[in-house]
Amino acid sequence: MININKGNHSLTLSAVSSKDKLNELVIKESGVASLISEDKKIYFYLADNVSIDQLESNLERFINSNKYNLNVDVDSFLKIFNNKEEVFQKVIETIIFASHKAIVFKKEEEVKEISYNFIIDEKFNDLLNISLIKMEYLNFARDLQDLPPNIGTSIAIADKISSKAKEINGIKVTIYNKKQIEEMGMGLLLAVNAGSNVEPRVVVLEYNSDSSQKRTALVGKGITFDTGGYNLKPSNFLENMKFDMSGAAIVSSTVMALAKAKAKCNVVSIAMLTDNRIGGSATLTESVIKSMNGQTVEITNTDAEGRLVLADGITYAIRNEKAERAITVATLTGAIAIALGRWFTGTFSKQDVFHNEFSNAAKKAQENIWRQPLIEEHLKEMQCSKVADLANSEPGREAGSSTAAAFLDSFAESKEYIHLDIAATADRNKRGRAPMLKTMFELLNK
């Protein structure tokens with residue numbers, strides 16, 4: 001529970017440094033908290049050279065373990081740093097993020113809700129309001145990510161997104177069912193869904209408060225569980241596959257946050273929802289499928305399914321929604337985790353101006369990205385099929401994230417395009433983290 005300037009708790013969290021006159025019982029190790037009962041304070045010590053990223057990780061760790069209702073003296077954190085607005089944003093958003101309760105289904109589980117009361121200066125009210133909006137929808141996206149796959153089906157997630165979006169003025173909600181998806185010719189999405197007993201869904205959220213802005217489409221991979229299909233994953237790789245729908249949750253929640261903030265933008269999100277199962281009707285390896293834009297694809301690996309649903313999503317964005325630029329968000333490749341680890345989201349684009357704009361938004365949002373190469377040779381690897389325009393999986397193991405991005409870029413029809421590979425950043429410790437929502441919000445929040 002979050003309150004503002006209520007001052008209603010007996011304990012206060014205060015940041016301190018070596019410049020403060022401290023009780024001798026305060027532990028002077030960066031990121032370590034010391035409860036001094038006589039002062040009714042928890043002193044959170046920060047080293048003189050601590051970075052904002054270190055502040056975030058240390059504060060998140062503390063909030064995850066905290067059992068007390070706390071006032072938070074936000075100004076005490078700001079005094080330690082020069083960049084006041086950045087630190088204000090970091091402290092507020094980290095505490096809201098880390099204190100958000102996880103979804104549990106235990107029979108008699110009663111999780112105590114910890115209350116935080118931010119003590120802030122009124123001059124930060126505008127920043128605070130934006131952070132509160134972003135974090136409301138970021139945590140909504142995380143809740144969708146965390147749903148077990150038997151509960152978080154394509155139909156259920158579509159309904160949850162629709163219900164949440166209808167609470168906000170200015171959003172048009174459209175949900176396409178299987179028959180409508182067939183009529184639109186989304187062959188790639190249908191090929192992934194072929195083995196499932198749960199129908200696919202495409203959820204479209206439109207928010208247009210300024211038609212003079214470029215129409216931007218956010219397309220999210222929504223694989224609610226990925227078995228790998230007939231290229232079946234081994235048991236250890238099935239773990240956490242419920243998070244394969246993260247992109248769909250993130251793009252949908254981004255549009256909701258923008259609408260709630262009354263941002264001046266022209267945006268549409270497209271959530272491509274299905275699971276990827278095996279079964280008598282599932283798509284076989286070496287099948288040839290026609291995409292929505294007419295290109296044919298040989299399915300050389302049924303476990304490379306995310307790029308298939310995104311390809312049809314990109315075509316829908318450009319042709320049906322008249323998008324002038326597009327961003328795809330997906331837990332797409334294991335290769336990105338090898339390249340960047342859990343610390344960075346991989347970005348891919350051929351348009352320097354668009355990517356620079358996105359990079360500046362990432363800095364403002366305080367999210368780490370790292371641009372990866374995307375060259376013509378990567379697409380040539382995906383044109384290796386002897387029977388179709390494209391293969392959905394490259395024949396070797398080189399540059400797997402870049403070749404996947406090149407496959408997607410070939411459906412962008414020369415529009416401005418960025419692909420975000422969040423395979424290593426979407427979740428951690430079995431909880432969703434909804435990366436890139438804040439960056440896309442900052443990109444579009446004019």
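Which residues does Thr-12 touch, not counting residues up to four places away in sequence? The legend to View 1 gives the list. The model is predicted, and local features need pLDDT of at least 70, side-chain atom pairs count only at pLDDT 80 or more, and totals for chains, interfaces and linings use all residues. Residues are numbered from 1 along each chain as its sequence is written, and side-chain values use heavy atoms, with hydrogens and water left out.

**View 1. Surroundings of Thr-12 in strand 2 (residues 11-16).** Helices (H or I, at least four residues) and strands (E, at least two) are DSSP runs, numbered from the N terminus. Thr-12 touches Lys-40, Lys-41, Ile-42, Asn-71 and Asp-73, not counting residues up to four places away in sequence; contact means heavy atoms within 4.5 Å. With a relative accessible area of 18%, Thr-12 is buried (buried means under 20% relative accessible area, exposed over 50%, partly exposed in between; 1.4 Å probe, protein chains only). The side chains of Thr-12 and Asn-71 are joined by a polar contact of 3.4 Å. A polar contact is a pair of N or O atoms within 3.5 Å; within protein, one must be able to donate a hydrogen and the other to accept it, and residues adjacent in sequence count only if both atoms are side-chain atoms. Thr-12 and Asn-117 are 105 residues apart along the chain, and their C-alpha atoms are separated by 9.0 Å.

**View 2. Surroundings of Asn-193 in helix 7 (residues 187-193).** Asn-193 has a relative accessible area of 2% and is therefore buried. Leaving out residues up to four places away in sequence, Asn-193 touches Lys-178, Val-198, Glu-199, Pro-200, Thr-274 and Asp-275. Between the side chains of Asn-193 and Thr-274 there is a polar contact of 2.8 Å. Leu-273 is 80 residues from Asn-193 in sequence, and the C-alpha to C-alpha separation of the two is 9.0 Å.

**View 3. Surroundings of Asp-226 in strand 9 (residues 216-226).** Asp-226 is buried because its relative accessible area is 2%. Its side chain makes a polar contact of 2.8 Å with the side chain of Asn-276 and a polar contact of 3.5 Å with the side chain of Lys-233. Not counting residues up to four places away in sequence, the residues that Asp-226 touches are Lys-233, Leu-238, Met-241, Asp-244, Asn-276, Asp-303 and Glu-305.

**View 4. Residues 301-308, annotated in UniProt.** The unreviewed UniProt entry gives this span as "domain: Cytosol aminopeptidase". UniProt positions are given in the numbering used here, feature names are shortened, and annotations may be inferred rather than shown by experiment. The end C-alpha atoms of residues 301-308 lie 11 Å apart, and the span is 38% helix and 0% strand.

**View 5. Packing of helix 1 (residues 52-65) and helix 3 (residues 84-99).** The two axes come within 9 Å and cross at roughly 30°. Helix 1 is therefore roughly parallel to helix 3. Axes are lines fitted to C-alpha atoms, for helices over the stretch in contact, and angles run from 0 to 180 degrees between N-to-C directions. Angles under 35 degrees count as roughly parallel, over 145 as roughly antiparallel, 65 to 115 as roughly perpendicular and the rest as oblique. The residues of helix 1 that meet helix 3 include Ile-52, Leu-55, Leu-59 and Ile-63, and those of helix 3 include Val-87, Val-91, Ile-95 and Phe-97.

**View 6. Packing of helix 4 and helix 5 (residues 154-165).** Helix 4 and helix 5 pack at an angle of about 165°, and their axes are 11 Å apart. Helix 4 is therefore roughly antiparallel to helix 5. Helix 4 contributes Glu-136, Tyr-137, Phe-140 and Leu-144 to the contact, and helix 5 contributes Lys-160, Ile-161 and Lys-164.

**View 7. Packing of helix 4 (residues 125-146) and helix 15 (residues 437-444).** The packing angle is about 135°, with the axes 10 Å apart. Helix 4 and helix 15 are therefore oblique to each other. Ile-130, Lys-134, Met-135, Tyr-137 and Leu-138 of helix 4 meet Leu-437, Lys-438, Phe-441 and Glu-442 of helix 15. In helix 15, 8 of the 8 residues are buried, so this helix is largely enclosed by the rest of the structure. Among the buried residues of helix 15 are Thr-439, Met-440, Leu-443 and Leu-444.
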